[in-house]
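Please open the model in your viewer and keep the selection panel at hand. The tour proceeds by selections, each followed by a description of what is found there.

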2 protein chains.
Amino acid sequence: MSEDPRRSEPNLGLLCFFPHRQMEARVMGAVAAAGFDDITLAQSRVFQRIGPDGTRISDLAEQARISKQTVTFLVDQLERAGYVERVPDPTDARARLVRIAARGRAAVEVAVVAEAEVEAEWVRHLGRRDAACLRRALTRLREITDPYR
Amino acid sequence: MSEDPRRSEPNLGLLCFFPHRQMEARVMGAVAAAGFDDITLAQSRVFQRIGPDGTRISDLAEQARISKQTVTFLVDQLERAGYVERVPDPTDARARLVRIAARGRAAVEVAVVAEAEVEAEWVRHLGRRDAACLRRALTRLREITDPYR
DNA sequence: TATATTAGTTCGATAATCTGTCTATCATCA
DNA sequence: TGATGATAGACAGATTATCGAACTAATATA
């Protein structure tokens with residue numbers, strides 16, 4: 001019954017880690033099982049930041065907190081595999097927009113279903129009340145932990 | 001005022017990502033600023049899983065979800081830099097326990113202070129009520145997202 | 001218009017990770 | 001008890017992810 005006094009309360013940052021890791025693993029597993037087994041975790045972390053109208057390499061880099069060079073490297077692979085395409089940015093001839101391509105859209109469809117399944121499990125475990133509370137607190141916390149909206 | 005209909009509610013897994021990333025970055029920054037600037041993110045992710053009485057390589061691997069070989073590689077570096085030491089496991093002559101060494105304890109001291117600072121900022125932003133609610137929900141969520149207690 | 005900045009790429013180096021293999025020790029069970 | 005199989009850790013080689021430096025083309029600024 002008594003607690004080990006050396007084990008203190010885990011901090012909120014660490015507590016956030018476990019759900020995120022599980023979500024990522026479950027979604028990647030579902031996507032791979034659906035035949036999209038040539039996408040890596042690093043690629044997916046760039047891919048999931050592509051906006052509906054396409055996103056620039058440099059914006060992807062900033063949001064994922066990795067160098068432009070690394071994003072170029074990963075987008076090259078995503079493009080070769082048919083998940084994304086590069087199109088000119090009409091507002092700036094230096095830039096190109098990375099957009100989700102046909103194969104990418106198909107993978108997203110699988111991913112959103114898997115996401116919803118995992119989230120439903122969580123809500124079932126927590127109960128409606130705590131789940132709503134969790135979402136609200138995390139949404140507010142995002143205001144100060146994510147510079148991108 | 002009106003929402004872009006294409007941007008749906010971010011899932012809970014993603015929402016957990018931002019706080020975790022910020023906590024990790026802030027703690028790493030504080031530790032590096034205090035002179036422990038020879039520790040990498042990958043090393044720290046293994047390091048933080050070492051228990052108070054030492055932990056085996058294979059247990060660290062399982063908890064961090066990386067291969068034993070990678071943990072051996074990272075622990076080699078942590079040991080050379082004085083953050084950890086390897087001692088024989090008295091219960092099994094095949095195994096060795098990775099334990100936090102003097103320099104490691106000094107780094108942990110800095111880390112826990114930084115952690116508390118970040119968490120205090122979060123609580124200030126959320127308010128006592130939502131912060132307590134967040135901690136409770138995350139603690140319960142850990143039951144089903146972290147197999148290690 | 002000359003100069004500085006920005007977007008993206010290529011190149012080379014390094015860090016992190018995996019699979020396969022090996023040795024020593026432990027566990028099982030006939 | 002002794003043979004067999006499993007486990008803990010380490011070593012070697014290959015691959016993936018990442019970075020910093022340098023480059024080109026286009027844009028912004030003074």
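The stops below cover the two DNA strands and then two helix pairs.

This is a predicted model, in which local features need pLDDT of at least 70, side-chain atom pairs count only at pLDDT 80 or more, and totals for chains, interfaces and linings use all residues. Residues are numbered from 1 along each chain as its sequence is written, chains are lettered from A and ligands numbered from 1 in the order in which they are written, and side-chain values use heavy atoms, with hydrogens and water left out.

**First stop: DNA strand C**

Select DNA strand C together with the 22 residues that surround it; a residue is near a strand if one of its heavy atoms lies within 4 Å of it. The closest are A:Ser58, A:Lys68, A:Arg86, A:Arg94 and B:Gln69. Among the atoms of strand C within 4 Å of the protein, 59% are sugar or phosphate atoms, and the rest belong to bases.

Next, display polar contacts (pairs of N or O atoms within 3.5 Å; within protein, one must be able to donate a hydrogen and the other to accept it, and residues adjacent in sequence count only if both atoms are side-chain atoms). A:Lys68 places a polar side-chain atom 2.5 Å from a base nitrogen of strand C. For A:Arg94, a polar side-chain atom lies 2.5 Å from a base oxygen of this strand. At A:Arg86, a side-chain N or O atom is 2.6 Å from a phosphate oxygen of strand C.

Now colour by element; helices (H or I, at least four residues) and strands (E, at least two) are DSSP runs, numbered from the N terminus. The elements giving two or more residues to this surface are H3 (57–64) and H4 (68–80) of chain A, together with H4 (68–80) of chain B. Which element gives the most to the surface near DNA strand C? H4(B) does, with five residues.

**Second stop: DNA strand D**

Move to DNA strand D, where A:Ser67, B:Ser58, B:Lys68, B:Arg94 and B:Arg96 come nearest of the 22 residues around the strand. Sugar or phosphate accounts for 58% of the strand D atoms within 4 Å of the protein, and bases for the rest. A polar side-chain atom of B:Lys68 lies 2.7 Å from a base nitrogen of strand D. B:Ile57 contributes a backbone N or O atom, 3.5 Å from a phosphate oxygen of strand D. H4(A) supplies the largest share of the surface near strand D, five residues.

**Third stop: H1(A) and H6(B)**

Select residues 12–33 of chain A and 128–145 of chain B, helices H1 and H6, whose axes come within 9 Å and cross at roughly 45°. Axes are lines fitted to C-alpha atoms, for helices over the stretch in contact, and angles run from 0 to 180 degrees between N-to-C directions. The crossing is left-handed, meaning that the near helix is turned anticlockwise from the far one by less than a right angle. Contact (heavy atoms within 4.5 Å) involves residues including A:Leu15 and A:Phe18 of H1(A) and B:Leu138 and B:Leu141 of H6(B).

**Final stop: H1(B) and H5(B)**

Within chain B, select H1 (residues 12–33) and H5 (residues 102–126), which pack at about 140° with their axes 9 Å apart. This crossing is right-handed. Among the residues that meet here are B:Met23 and B:Val27 in H1(B) and B:Val110 and B:Trp122 in H5(B).
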